[in-house]
Amino acid sequence: GLYSAETAVAYYVGASWKGLANSGMTPDERAALSPDDEEYRLRVGGSKNQLTGWLVYTVLLWTLKTCMLIFYSRLT
């Protein structure tokens with residue numbers, strides 16, 4: 001389920017977007033990038049995929065925390 005989704009999202013970043021996102025760019029680098037560039041398209045897609053990865057990771061962590069809470073509540 002969630003482990004597979006996290007792995008798929010991580011793979012998709014490298015395979016489809018060549019590992020590019022806008023998180024490591026300076027404001028000057030962003031300003032110099034033309035919207036007609038291929039790199040622009042890759043960075044936009046990579047950034048969207050990165051947000052999806054963060055969401056899946058957050059859901060995964062909270063699901064694991066909930067499972068641990070249920071497990072510990074059954075011990076007492």
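Axes here are lines fitted to C-alpha atoms, for helices over the stretch in contact, and the angles between their N-to-C directions run from 0 to 180 degrees.

**View 1. Helices α1 and α3 in a predicted model.** The axes of helix α1, which covers residues 2-17, and of helix α3 come within 9 Å of one another and cross at roughly 165°. Because angles over 145 degrees count as roughly antiparallel, α1 is described as roughly antiparallel to α3. The crossing in which α1 passes α3 is left-handed, and the residues of the contact between these two helices divide into 13 nonpolar, seven polar and two charged.

**View 2. The surroundings of S47 in helix α3.** S47 has its place in helix α3, which covers residues 38-75, and with a relative accessible area of 13% this residue is buried, since buried means under 20%. When its neighbours within four places in sequence are left aside, S47 is in contact with L20, A21 and N22.

**View 3. F71, a further residue of helix α3.** F71 has a relative accessibility of 46% and therefore counts as partly exposed, whereas S47 is buried. Between F71 and A32 there are 53 Å in space, taken from C-alpha to C-alpha, and the two residues are 39 residues apart in sequence.

**View 4. Confidence of the prediction along the protein chain.** The protein chain has a mean pLDDT of 93, and 100% of its residues reach 70 or more. Among the elements of the chain, the lowest mean pLDDT, 91, belongs to α1, while the highest, 95, belongs to α3.

Note on methods: Residues numbered from 1 in each chain as written. Predicted model: local features only at pLDDT ≥ 70, side-chain atom pairs only at ≥ 80, totals over all residues. Heavy atoms only, no water. Helix = DSSP H or I, 4+ residues; strand = E, 2+ residues; numbered from the N terminus. Buried < 20%, exposed > 50% of the residue type's maximum accessible area, 1.4 Å probe, protein only. Contact = heavy atoms within 4.5 Å. Parallel < 35°, antiparallel > 145°, perpendicular 65-115°, else oblique. Left-handed = near helix turned anticlockwise from the far one by under 90°. Nonpolar A, V, L, I, M, F, W, Y, C, P; charged D, E, K, R; others polar. pLDDT = per-residue confidence, 0-100.
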